Amino acid sequence: MSIWWSLHLRREAASVPLARRLLLGAMDTAGVDPDISFDLSVALTEACANAVEHGGYGPADSGGYRVTAYLDGEKCRIEVADSGPGFPRRRVVRPSARPPSLTAESGRGLGLIEQLADHVDFTGGPGHGAVVSFDKTLKWREDALLGAV
């Protein structure tokens, strides 16, 4: 069995914990392992925080952003899309790149998403908004309602 949901949220800080709680609630109800749920919720939090901070002022700025989550058998896929200026160029994962300092107030979100997810894709170009998509293989609790069917 698979489930999916999609939200259109205002680009406000209060929307970030709302999206996280909805994801955690859906995953708990479905029976996803709590460690996997936690990793995905942190990645979602980072993606939503980026959409809130950077996701506006493009030509199609709606004042909001969209979160879509798919739980399908063995995988969860999450997409966060905004109407902001987009990425200046396609982001390439560079393991040798020097991470931001531990005291930096920004600059760690996309790298954290890459660490927590199995696969990450950053799309969207200047003036076309940004889409951060990531997925992770699911593990299920023994009492899972859905499980990998």
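## Burial and the two cysteines

A residue counts as buried when its relative accessible area is under 20%. C76, with a relative accessibility of 0%, therefore falls in the buried class. C48 is buried as well, because its relative accessible area is 0%. Everything here comes from a predicted model, so please read it with that in mind.

With cysteines in view, it is natural to turn to disulfides. A disulfide joins the sulfur atoms of two cysteines through a covalent bond. How many disulfides does a search of the whole structure find? The search returns zero.

## Overall layout

Let's step back to the whole chain. The protein contains three helices and five strands, and along the sequence these elements run in the order β-α-α-β-β-α-β-β. The protein has 149 residues, of which 42% count as buried.

The contacts also tell us something about the fold. Taking the contacts with a separation of 6 or more, 68% are between residues 24 or more positions apart. Two such long-range pairings, involving A14 and M27, come up below.

## Where α1 meets α2

Helix α1 spans residues 15-30 and helix α2 spans residues 34-54; their axes come within 9 Å and cross at roughly 155°. An angle over 145 degrees counts as roughly antiparallel, and α1 and α2 are therefore roughly antiparallel to each other. The crossing in which α1 passes α2 is right-handed. On the α1 side, the contact is formed by S15, V16, A19, R20, L23, L24 and M27, while α2 brings S37, F38, L40, S41, V42, L44, T45, C48, A49 and V52. Sorted by class, the residues in this contact are twelve nonpolar, four polar and one charged. The buried C48 is thus one of the α2 residues that face α1 here.

Helix geometry offers a handy way to read such a list. An α-helix makes a turn every 3.6 residues, so residues three or four places apart point the same way.

## M27 and A14

M27 deserves a closer look. This methionine lies in helix α1 and is buried, because its relative accessible area is 0%. Which residues does M27 contact, leaving aside neighbours within four places in sequence? They are V32, S37, L40, L71, C76 and L138. The buried C76 is therefore among the contacts of M27. M27 and W140 are 113 residues apart along the chain, yet their C-alpha atoms are separated by 9.6 Å.

A14 offers a contrast. A14 sits in the loop between β1 (2-10) and α1, and at 60% relative accessibility A14 is exposed. The C-alpha atoms of A14 and A49 are separated by 9.9 Å, with their positions 35 residues apart along the chain.

## Where α2 meets α3

Helix α2 has a second helical partner. The axes of α2 and α3 lie 9 Å apart, and the two helices pack at an angle of about 155°. That arrangement makes α2 roughly antiparallel to α3. Is the crossing of α2 and α3 left-handed or right-handed? This crossing is left-handed. In the contact, D39, V42, A43, E46, A47 and N50 of α2 meet G109, L110, L112, I113 and L116 of α3. By class, these residues are seven nonpolar, two polar and two charged.

Within helix α3 (residues 109-116), the buried residues are G109, L110, I113, E114 and L116. Among the elements that cover them are α2, β4 (119-123) and β5.

## Two buried charged residues in strands

Strand β5, residues 131-137, holds K136. This lysine counts as buried because its relative accessibility is 10%. Beyond its neighbours within four places in sequence, K136 is in contact with I36, D39, L40, E74, K75, C76, L116 and D118. C76 and L40 thus touch K136, and both are also contacts of M27.

E79 belongs to strand β3 (residues 75-82). With a relative accessible area of 18%, E79 is buried too, because the cut-off is 20%. Not counting residues up to four places away in sequence, E79 touches R66, V67, T68, Y70, V132 and S133.

Terms used. Residues numbered from 1 in each chain as written. Predicted model: local features only at pLDDT ≥ 70, side-chain atom pairs only at ≥ 80, totals over all residues. Heavy atoms only, no water. Axes fitted to C-alpha atoms, helices over the stretch in contact; angles between N-to-C directions. Helix = DSSP H or I, 4+ residues; strand = E, 2+ residues; numbered from the N terminus. Parallel < 35°, antiparallel > 145°, perpendicular 65-115°, else oblique. Left-handed = near helix turned anticlockwise from the far one by under 90°. Contact = heavy atoms within 4.5 Å. Nonpolar A, V, L, I, M, F, W, Y, C, P; charged D, E, K, R; others polar. Disulfide = S-S within 2.5 Å. Buried < 20%, exposed > 50% of the residue type's maximum accessible area, 1.4 Å probe, protein only.
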